[in-house]
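Me: I am new to this structure and would like to understand the words used for it. Could you take me through them step by step?

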Amino acid sequence: MSLSAPPELGAPHAAPPRRLPWRTSAAAALARLVAAGSRRLGTGAGGVAGGRFALRLDPRALARLGRARTVVLVTGTNGKTTTTAMLSRVLGVLGEVAVNGDGANLPDGVTAALAARPRVPLAVLEVDEFHVPAVAAAVRPVCLVLLNLTRDQLDRVGEVRAVERALRKAVAELPGTTVVANCDDPLVVSVGLAASSAVWVAAGQTWHADATACARCGEPLRHEGADWSCRCGLTRPEPAWVLEDETAVLGDGVRVPLGLGLPGRANAANAALALATAATLGVPPRLAAERLSTITEVGGRYRRVEVHGRTVRLLLAKNPAGWRETLPMLEPGAPIVLAVNGREADGRDLSWLWDVPFGQLAGRTVVVSGERALDLAVRLTYAEVPHTVRPDPLDAISAAGPGPVELVANYTAFRDVSRRLAGRHG
Amino acid sequence: MTGTAVRIGLVLPDVLGTYGDSGNAAVLRQRLRWRGIDAEVVDVHLGAPVPSGLDVYLLGGGEDEAQALAAAHLRAHPGLQRAAARGAVVFGVCAGLQVLGSSFVVSGGTRHAGLGLLDVSTSPGERRAVGEVVVEWDREPLTGFENHLGVTTLGPGSRPLGRVAAGTGNGDGTDGAVTGHVLATYLHGPVLARNPALADLLLSWVLGTPPGELPVPEVGELRRERLRAARAARWR
Ligand SMILES: [Zn+2]
């Protein structure tokens, strides 16, 4: 990728979509109708249902709604929703953007997002790792952003390495797609190298346990500083972008401070990948960074709300890599509520709790909560972190003592707390 | 037991550590420390020789390639087998169970030699066994989670650890395998966190004498909840 000669701002990607076949138009209209109806009834999940109806009426709706415009897909184990929010904010400088900002990242949710805005020239869509092959084959994205691949919900979806193989195969069949990916994640690199073009970003990685053996041949990887390599030839590619703390450094030495409104190293990594993606579409990095700095919450994450007279910050962590990134974000001295459920959407197997360094919380006030509070209680007991147990997260917040509280919850626990606190402000 | 501290080997956590398996080492160490016995965890990494002087060896879960890599490494550096021959305690879960057996076939169809410390062999089953498991044995029931494709057959040199009351286990109504001080189960990940009786059985082998009572109320509460959940799932 040549950074010195970016394409013209807004061109050639922002061409308006062609006319849609009547069947697709009808399917899109139906999807919008269902979504609007569900919004009026307050059930919320209408977008997804609308997408499902649309795909039933026109099985090719996703392809037809997506192909006529410039689509960026965002995937990976962690950071999809945040990176999608970042990219849609940044690409807004090129034109209007369709986005599944609600996190509905299966084909029906993706279809619904495109159907909601059939005439806008750009789309940024987060896609569940498992559904990338189907969605990408349908919409033919100009860019695929590949954030990271780590273990998540093992009981439900199987092995991270099988995901890597499926993505690698899908990417090899997309000649027009540029993969923008983190070269510090060996599994991600194995996928990206199969693409016809790739932009590598050294965005760092704090979780290595899923990539100690080579994705291509199974031999142990050798690490040397930031570099890593395998006997079979798989090697860390040379990055075009390097993330240094909160600054993105381009290949030509230009430094772009990120100035993010979101906390944590993981969000800086997401931002670096968003900047690199936006640059391939013609958005200058400084302009992109300026737009990024205006984001302070994403789908309720990082939001501060008032509960029983104290301010609570809501943090989401879904898997060991996510928890590992989140624990260091916690405000020193503030009491902490940890809430974990083990429903289908979370993964019913909570073995991963033992991969999270909860010992870091020693000396702090901790309340464990959620439907699987007892799993957390045993984990913290063995880590010698004193805690109290309050299964209801709002009770747990009350029990956490005075002052601002930090709440970290996994997927459905976070969703439930967010719903119960909807409409409140910090 | 040699020296003053009990030395707990966490075997190849880089490849056999898929499901929070380091939890078993943390549980054993903590249960010793709470009883005033010093203990340390020794990570045995891929690419390095396997020490033969440790008191306990723990093998966790892993994916097919990782499991084949682990078996090859442990056969090339037979420290664990030497330790087992002098009576050291070996505990394997899931892929660890399969690696300790005489052979295992991965989903691609390739047969790999195991360490031969248990008289078991494993081949892929029809579908993955995923979910909560309850195993009856001669102490309080074992509760855990399983996630494996393998079906394991025992030969006369090993006996099953217990009888499956909920879930799949070996695939023939039994779970796990025991030969001397080598013990393995399909209950994966940090299974010792939920099953202090199993943890203390291993420690009794290490110490040469049963360790004293160690009440941990949180564990009792979690056990009751999980056993109830497994029972409810069975009747659903
Ligand atoms: Zn390799």
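Me: What makes E96(A) count as partly exposed?
Reply: Happy to help, and please keep in mind that this is a predicted model. E96(A) has a relative accessibility of 48%. Buried means under 20% and exposed means over 50%, so at 48% E96(A) counts as partly exposed.

Me: Which residue does the side chain of E96(A) meet in a salt bridge?
Reply: The partner is R117(A), with N and O 2.3 Å apart. A salt bridge asks for such atoms within 4 Å, so the pair at 2.3 Å qualifies. R117(A) is also partly exposed, with a relative accessible area of 32%.

Me: Why can side chains like these pair?
Reply: Side chains of opposite charge can pair when their charged atoms come close.

Me: How do you know that D58(A) and R64(A) form a salt bridge?
Reply: Their closest N and O atoms are 3.3 Å apart, and the cut-off is 4 Å, so the pair fits the rule. D58(A) is buried, with a relative accessible area of 2%, whereas R64(A) is partly exposed at 26%. Over all chains, the rule gives 27 salt bridges.

Me: What makes T326(A) buried?
Reply: T326(A) has a relative accessible area of 5%. The limit for buried is under 20%, so T326(A) is called buried. T326(A) sits in helix α12 (residues 320–326) of chain A. Leaving out residues up to four places away in sequence, T326(A) touches L315(A), L316(A), A317(A) and V408(A).

Me: Why is helix α5 of chain A called mostly covered?
Reply: The helix spans residues 107–116, and 8 of its 10 residues are buried. Among them are D108(A), G109(A), V110(A) and L114(A).

Me: Is S351(A) buried or exposed, and how do you know?
Reply: S351(A) has 7% relative accessibility, so it counts as buried. S351(A) lies in the loop between β14 (336–339) and β15 (366–369) of chain A. The side chain of S351(A) makes a polar contact with the side chain of D349(A), at 2.7 Å. A polar contact needs N or O atoms within 3.5 Å, and 2.7 Å is inside that limit.

Me: Which residues of chain B does S351(A) touch?
Reply: S351(A) touches Y19(B), G20(B), H188(B), G189(B) and P190(B).

Me: How many residues from each chain take part in the contact between chain A and chain B?
Reply: Chain B gives 34 residues and chain A gives 30. The area buried between the two chains is about 2700 Å², and carbon and sulfur atoms give 56% of that area. E63(B), E65(B) and E218(B) supply 21% of what chain B buries against chain A, more than any other three residues.

Me: How many salt bridges and polar contacts cross this interface?
Reply: The rule finds 2 salt bridges between chain B and chain A. It also finds 6 residue pairs in polar contact. On the side of chain B that touches chain A, α1(B) gives the most, with 7 residues. By class, that side has 14 nonpolar, 9 polar and 11 charged residues.

Me: What makes R372(A) and E225(B) a salt bridge?
Reply: The closest N and O atoms of R372(A) and E225(B) are 4.0 Å apart. E225(B) also meets R226(B) in a salt bridge, at 3.0 Å from N to O. Both residues of that second pair are buried: R226(B) has a relative accessible area of 8%, and E225(B) has 15% relative accessibility.

Me: Which residues are linked in a network of salt bridges?
Reply: The network links R372(A), D375(A), E132(B), R194(B), E225(B) and R226(B).

Me: Why is A113(B) called partly exposed?
Reply: A113(B) has 35% relative accessibility. Partly exposed covers what falls between the 20% and 50% limits, so 35% places A113(B) in that class. A113(B) lies in strand β6 (residues 111–113) of chain B. Beyond its neighbours within four places in sequence, A113(B) is in contact with A71(B), R75(B), S102(B), S103(B) and F104(B).

Me: How many helices and strands does chain B have, and why is the chain called as compact as a globular protein of its length?
Reply: Chain B has 7 helices and 12 strands. Its radius of gyration is 17 Å, close to the 18 Å that the globule rule gives for 236 residues, so chain B is as compact as a globular protein of that length. Buried residues make up 60% of those 236 residues.

Note on methods
Residues numbered from 1 in each chain as written. Chains lettered and ligands numbered in written order. Predicted model: local features only at pLDDT ≥ 70, side-chain atom pairs only at ≥ 80, totals over all residues. Heavy atoms only, no water. Contact = heavy atoms within 4.5 Å. Buried area = accessible area lost by both parts, 1.4 Å probe. Polar contact = N/O pair within 3.5 Å; in protein donor to acceptor, adjacent residues only side chain to side chain. Helix = DSSP H or I, 4+ residues; strand = E, 2+ residues; numbered from the N terminus. Nonpolar A, V, L, I, M, F, W, Y, C, P; charged D, E, K, R; others polar. Buried < 20%, exposed > 50% of the residue type's maximum accessible area, 1.4 Å probe, protein only. Rg over C-alpha atoms; globule rule 2.2 N^0.38 Å.
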